[in-house]
Amino acid sequence: MNISHIEHIGIAVNNLDESIKYYEGVLGLKCYSIEEVADQKVKTAFFMVGQTKIELLESTSPDGPIGKYIERKGQGIHHIAFAVPNSSEALKQAEERGVQLVDKVSRKGAEGLNIGFLHPKSTQGVLTELCSKE
Ligand code: ZN
């Protein structure tokens, strides 16, 4: 699937403002974008670290995917996202290799990227996102 790099690491947080204070005040990173992704019921904040981003995810609803995740596991690392040239192609390849998909076809995620998730049951326990600009 031609992964080029880790596009971002997604981290579930209870409160975006509190977490931004830590990432900026302690780690010295700069939040360059805050965006709501309505269909995923999340508000996101992005930080650049080299060519990899940190994506903080705060749930806007208890019944959203991040709300449910935090209820089960608390805040912490939620997923890893790999950059690929074409996420639809990469999803298809993963499925051909026996991976259970969360998203059968890619959809629009934060920052206008085309994204799709692989189910952690098929990825050694790590919720995995594939994303591309195409
Ligand atoms: Zn993500």
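Which residue is the bridge partner of C31 in strand 3? I began my notebook with this, keeping in mind that I am reading a predicted model. I found that C31 is bridged to F47.

**Entry 1, the hairpin.** I then followed the two strands along their length, and I noted that strand 2, residues 31-37, and strand 3, residues 42-49, pair in the antiparallel sense over six bridges. At another place in this pairing I saw V37 standing opposite V42 of strand 3. Between the strands of this hairpin I counted four residues, and I wrote down that K41 takes a positive phi near 55°. As a reminder to myself, strands of a sheet pair through backbone hydrogen bonds, and they may do so in a parallel or an antiparallel way.

**Entry 2, the whole sheet.** How many strands form the open sheet, and in what order? I traced eight strands in the order 2-3-4-1-5-8-7-6, with mixed pairing. Strand 2 and strand 6, the latter being residues 107-108, are the edge strands, and each of them pairs on one side only. I also looked at helix 3, residues 87-96, which lies across strand 7 (114-118) and strand 8 (128-132) and runs at about 15° to strand 7.

**Entry 3, the zinc ion.** Which residues are the protein donors of the zinc ion? I listed H8 and H79, each through NE2, together with E55 and E129, each through OE, and these donors lie 2.0 to 2.4 Å from the ion. Along the chain I read their spacing as H-x46-E-x23-H-x49-E. H8 belongs to strand 1 (residues 5-13) and H79 to strand 5 (residues 76-83), so this pair ties together parts that are 71 residues apart in sequence.

I next asked myself whether H8 and H79 are buried or exposed. I found H8 to be buried, and H79 is buried as well. For the geometry, I noted angles of 85 to 175° among the four donor atoms, and the site is irregular. The reason lies in a cut-off, because four donors count as tetrahedral if all angles lie between 85 and 135 degrees, and the range I had noted runs up to 175°. For comparison, the ideal angle for four tetrahedral donors is 109.5 degrees.

**Entry 4, S59.** I placed S59 in strand 4, residues 52-59. What does the side chain of S59 reach? I found the backbone oxygen of S61 at 2.5 Å, and I found the backbone nitrogen of G67 at 3.2 Å. Leaving aside neighbours within four places in sequence, I recorded contacts of S59 with K41, V42, I66 and G67. Two names here took me back to my first entry, since K41 belongs to the hairpin of strand 2 and strand 3 and V42 stands opposite V37.

**Entry 5, two partly exposed residues.** I found G76 in strand 5, and its relative accessibility of 24% means that G76 counts as partly exposed. Not counting residues up to four places away in sequence, G76 touches I11, A12 and Y69. From G76 to L27 I noted 49 residues in sequence and 16 Å in space, C-alpha to C-alpha.

N15 sits in the loop between strand 1 and helix 1 (16-25), and N15 also counts as partly exposed, because its relative accessibility is 33%. The side chain of N15 reaches the backbone nitrogen of E18 at 2.8 Å. My last note is that N15 and Q75, though 60 residues apart in sequence, are 9.6 Å apart in space, C-alpha to C-alpha.

Methods: Residues are numbered from 1 along each chain as its sequence is written. This is a predicted model: local features need pLDDT of at least 70, side-chain atom pairs count only at pLDDT 80 or more; totals for chains, interfaces and linings use all residues. Side-chain values use heavy atoms; hydrogens and water are left out. Donors are N, O and S atoms within 2.8 Å of the metal (3.2 Å for Na, K and Ca); water is not among the atoms, so sites may look incomplete. Four donors count as tetrahedral if all angles lie between 85 and 135 degrees; four count as square planar and six as octahedral if opposite donors are over 155 degrees apart and all others between 65 and 115; anything else is irregular. Buried means under 20% relative accessible area, exposed over 50%, partly exposed in between (1.4 Å probe, protein chains only). Two strands pair if DSSP finds at least two bridges between them. Contact means heavy atoms within 4.5 Å. Axes are lines fitted to C-alpha atoms, for helices over the stretch in contact, and angles run from 0 to 180 degrees between N-to-C directions. A polar contact is a pair of N or O atoms within 3.5 Å; within protein, one must be able to donate a hydrogen and the other to accept it, and residues adjacent in sequence count only if both atoms are side-chain atoms.
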